[in-house]
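Hi,

Here's the structure I promised to pass on. Have a look at it first, and then read my notes underneath.

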Amino acid sequence: MRATVARSIRIESIRSPCSQVGCLRLRPRLNDRYDMNHQSSTRWRNVFLDRDGVINENRVDHVKTWAEFHWLPGALEGLRLLTEHGFRIFIVTNQAAVNRGLITRSDLTEIHRRMITVAAAHGATIAGLRFCPHRPDEACGCRKPQPGMLLDLAREHQVDLAAAYMIGDAPSDIAAGQAAGCRTILVLSGRTPLDHPGVQEHPPTHIAANLLDAARWLCARAACVPFPAEQQKRDSYTLDHPAPVYSK
Ligand SMILES: [Zn+2]
């Protein structure tokens, strides 16, 4: 049932005008004359997201099970909007709960598998995910504010970091994005109020209410320029999207 609903949403989405407010263009897949070498169209198309406080609600006692994973309002729509506008979405999340013994790696992976599956059913593709299992005292290179996870994903997926964005709810996310050379967006849907001293310390490129607000801002700046259909096809096939949606 869910698959049927998802498919109809996808088909409807590629036949309709862009849902971005103010955008008069049709969605990317309607443009079959797109120039694959058009540099400006891909400059903006990679975004790193923090998880807790951006996609799902923060929990002081950590999200340890799927039952404790609560989507934030607008998060799924924001993910879908970014996907529709050709952004490759990468999730980078500190999960010290692993090395604190509060959750196993396999349980965490199961939460992420479900998250990616639900996102896919809503038309959103997650292109990659990294989590840092280390506690702060382990002083690793991947726990944000260190940029290790972003650099790792950038190497694997050939991300132009200077043109990419990091979206997070904490100064440590903004610091990690800046250390990786990215532009940054602070969302206020998590644990950081606007008057937090860390916001002055690591001023983000932009501040948004939540992920949907941030996605709208990003998509407006990407000017809704179409992106390579081949890229969408390759990324999409890594998840459970029905292939016919992507065939011409
Ligand atoms: Zn780490």
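Below is what came out of going through it, starting with the overall make-up and ending with one helix.

Keep in mind that this is a predicted model. The protein has 248 residues, and 43% of them count as buried. Its secondary structure comes to nine helices and six strands. If you take the contacts between residues at least 6 apart in sequence, 66% join residues at least 24 apart.

The sheet

The six strands form an open sheet with parallel pairing, in the order E3-E2-E1-E4-E5-E6. At the edges sit E3 (126-132) and E6 (206-208), each of which pairs on one side only. From one strand to the next, the twist averages 20°.

If you want a place to zoom in, try the pairing of E1 (residues 46-49) with E4 (residues 165-168): the two run parallel and are joined by three bridges. Phe48 stands opposite Met166 of E4 there.

What lies across this part of the sheet? Helix H8 (residues 211-221) does, crossing E1, E4, E5 (183-187) and E6, and it runs at about 135° to E6.

The core

The largest nonpolar core holds 54 residues, and the members that touch the most others are Val47, Phe48, Ile89, Leu150, Ile167 and Leu211. H8 gives this core its largest share, with six residues.

Ile167 is a good one to click on. Leaving aside residues up to four places away in sequence, Ile167 touches Val47, Leu49, Asp50, Val54, Ile185, Val187, Leu211 and Ala214. Two of those neighbours, Val47 and Leu211, are also on the list of residues touching the most other core members.

Helix H4

Last stop: H4 (residues 105-121). I checked its length against expectation. With 17 residues at 1.5 Å a residue, H4 should span 24 Å, and its end C-alpha atoms are indeed 24 Å apart, so the two agree.

Which residues of H4 are buried? They are Leu108, Ile111, Met115, Ala119 and Ala120. The buried residues of H4 pack against helix H3 (75-84) and against E3, and E3 is one of the edge strands mentioned above. Right after the helix, look at Gly123: this glycine follows H4 and has a positive phi, near 85°.

That's everything I have for now. Shout if anything looks odd when you open the file.

Cheers

Notes
Residues numbered from 1 in each chain as written. Predicted model: local features only at pLDDT ≥ 70, side-chain atom pairs only at ≥ 80, totals over all residues. Helix = DSSP H or I, 4+ residues; strand = E, 2+ residues; numbered from the N terminus. Buried ≥ 20, exposed ≤ 12 C-beta atoms within 10 Å, placed from the backbone. Contact = placed C-beta atoms within 7 Å. Pairing = 2+ DSSP bridges. Axes fitted to C-alpha atoms, helices over the stretch in contact; angles between N-to-C directions. Core = buried A, V, L, I, M, F, W, Y, C linked by C-beta atoms within 7 Å. Expected span 1.5 Å × (residues − 1).
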